[in-house]
Amino acid sequence: MTAAERTPSQDPGSWRLFRGEGPPRRVTMPSAPPWRRFGERQPAGAGTTASEDPRPYLIGPTQRDIVNAALHLRRPLLVTGHPGTGKSSLAHAVAHELSLGPVLRWPVNSRSTLAEALYHYDAVGRLRETNLRRQRDGDAPGIGYFIRLGPLGTALVADGLPRVLLVDELDKGDVDLPNDLLTVFEEGEFEIPELSRLPPGEDDIEVHSARGDDTVTVHRGVVRCQEFPVVVITSNGEREFPPAFLRRCLRLDLPDPDEERLRAIVAAHLGADALPQVDDLVRAFLAKRAPGELATDQLLNAAFLRLGGVDLDAEGLLEAVLHRLGGAL
C-alpha cells in the first residue's frame with residue numbers, strides 16, 4: 001500500500017473520529033498500523049506469541065554476527081538497549097526467519113519465579129474434579145491432565161528443531177532469578193516432583209504444553225532437553241546480573257538507530273514512498289531524542305498519522321506522540 005492510498009480523500013479534519021460533541025454516530029474505523037494488526041497473525045497458545053510477524057527487522061552486521069554466534073554455541077542471548085531498539089522483536093525475527101514456530105514468551109516481573117516458567121500443577125482443580133467424578137461414578141482424569149508446562153518447560157521439550165524462548169525484562173525479576181535460571185540452562189533439565197513420586201508402572205505421563213491443547217510425554221517426572229532452545233533474554237539495564245550468569249550468556253547491545261537507519265525502518269514499515277512526506281518528522285525526532293528518551297516506534301506512530309492525513313502541526317499533537325519516556329509526567 002502506497003502513501004497516497006493511505007491518505008484520506010476527505011477534508012483534513014476527517015481523521016477526527018471522536019469529536020467530543022456527545023451524540024452517538026457510526027464511523028468507519030481506519031486501517032490500523034501494520035504493527036498493530038493482531039488479527040493477521042497466526043493464533044498462538046498460552047505463553048506463546050505468533051512468529052508469523054509481518055514486521056520487518058533491521059539489524060547491523062555486528063549485531064547479526066553475535067546472534068549467529070549464540071545460535072551456534074547454544075547459549076542464551078542477553079539483549080540490552082533503550083526502549084524501542086527492538087530487543088523483544090529480535091526473538092520474533094529469529095523465529096520467523098528460521099521457521100521455528102511461535103515464540104514462547106515469559107514476561108518477567110517482581111513476583112516471577114522459576115517454577116512458573118517451568119510448569120504449573122493445579123492441585124485444587126484435580127481435587128475438585130476427582131470429587132465430582134466420584135459423585136457421578138466416573139473415572140477421574142490422570143494427574144497429567146492437571147499439569148501444564150510453562151514457556152521455559154515447553155521450550156526444553158522441543159523435539160527436532162529448537163523453540164525460541166523470549167525471557168522479557170529479566171532485570172525486573174528477583175535478584176536470585178538469574179542464578180535460578182542458570183541451573184536449568186546448564187543442566188538442560190528439571191524435575192516435576194508430582195510425577196517423579198508416582199508408583200512403578202506410571203513411568204510415562206502425558207502433560208499439557210504451553211501451546212494450547214498440545215501434550216508431551218514426561219518420563220519418570222524428568223523433563224530433559226533434546227535440543228537447547230534459542231533463548232533471547234531482554235534487559236533494560238536497570239540492574240547488573242551475577243558474573244556467573246553473564247559468563248554463560250552472549251551479550252548483545254542494540255544501539256539507538258542513526259538517521260540512516262531510522263529512514264530505513266520507516267521505509268521498511270510504511271514504504272519508501274513515505275519518506276518524502278515524513279522528512280520533517282525524522283528531523284524533529286532526532287532533534288528531540290536524547291539517549292533513552294524516545295523510542296523508534298514513536299517515530300513510526302507519527303509517520304503513520306501523517307500519511308493518514310492527520311495534521312501533526314496541530315498544537316500539542318506532535319508533542320503527545322513524541323513524548324519523552326523518562327521522568328515525571
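Begin by selecting arginine 74 and glutamate 227, which form a salt bridge with their closest N and O atoms 3.0 Å apart; the term denotes a side-chain nitrogen of Lys or Arg within 4 Å of a carboxyl oxygen of Asp or Glu. Arginine 74 lies in the loop between helix H2 (61-73) and strand E2 (77-80), and glutamate 227 in the loop between strand E10 (222-224) and strand E11 (230-235), so the pair ties together parts that are 153 residues apart in sequence. The helices (H or I, at least four residues) and strands (E, at least two) are DSSP runs, numbered from the N terminus. Arginine 74 is partly exposed, at a relative accessible area of 42%; on this scale buried means under 20%, exposed over 50%, and partly exposed in between, with a 1.4 Å probe and protein chains only.

The model is predicted: local features need pLDDT of at least 70, side-chain atom pairs count only at pLDDT 80 or more, and totals for chains, interfaces and linings use all residues. Residues are numbered from 1 along each chain as its sequence is written, and side-chain values use heavy atoms, with hydrogens and water left out.

**Strands E10 and E7**

Select arginine 224 and glutamate 189 next. Their salt bridge has its closest N and O atoms 2.8 Å apart. This pair links distant parts of the chain, since arginine 224 belongs to strand E10 and glutamate 189 to strand E7 (residues 189-191), 35 residues apart. Arginine 224 is partly exposed at 47% relative accessibility, and glutamate 189 is also partly exposed, at 26%. In the whole structure, a search finds 12 salt bridges.

**Within helix H10**

Move to arginine 263 and glutamate 259, whose side chains meet in a salt bridge of 3.0 Å, N to O. Both residues lie in helix H10, 4 residues apart, or about one turn of the helix. Glutamate 259 counts as partly exposed, with 37% relative accessibility. Which residues are joined into one network by salt bridges that share partners? They are Glu259, Arg263, Asp279 and Arg283.

**H10 against H11**

Now display helix H10 (residues 259-270) with helix H11 (residues 279-288): they pack at an angle of about 135°, their axes 11 Å apart. Axes are lines fitted to C-alpha atoms, for helices over the stretch in contact, and angles run from 0 to 180 degrees between N-to-C directions. H10 and H11 are therefore oblique to each other; angles under 35 degrees count as roughly parallel, over 145 as roughly antiparallel, 65 to 115 as roughly perpendicular and the rest as oblique. To see the contact (heavy atoms within 4.5 Å), select Glu259, Leu262 and Arg263 in H10, which meet Asp279, Val282, Phe285 and Leu286 in H11. The residues of this contact comprise 4 nonpolar, no polar and 3 charged. In this classification Ala, Val, Leu, Ile, Met, Phe, Trp, Tyr, Cys and Pro are nonpolar, Asp, Glu, Lys and Arg charged, and the others, Gly among them, polar.

**H10 against H12**

Keep H10 displayed and add helix H12 (residues 296-307), which packs against H10 at an angle of about 50°, with the axes 10 Å apart. H10 is thereby oblique to H12. On the H10 side, select Leu262, Ile265, Val266, His269 and Leu270; on the H12 side, Thr296, Leu299, Leu300, Ala303, Phe304 and Leu307 complete the contact. By class, the contact of H10 with H12 has 9 nonpolar, 2 polar and no charged residues.

**Final stop: helix H13**

Select glutamate 319, located in helix H13 (residues 317-321). Glutamate 319 is partly exposed, at 49% relative accessibility. Then add lysine 288: glutamate 319 and lysine 288 are 31 residues apart in sequence and 9.8 Å apart in space, C-alpha to C-alpha.
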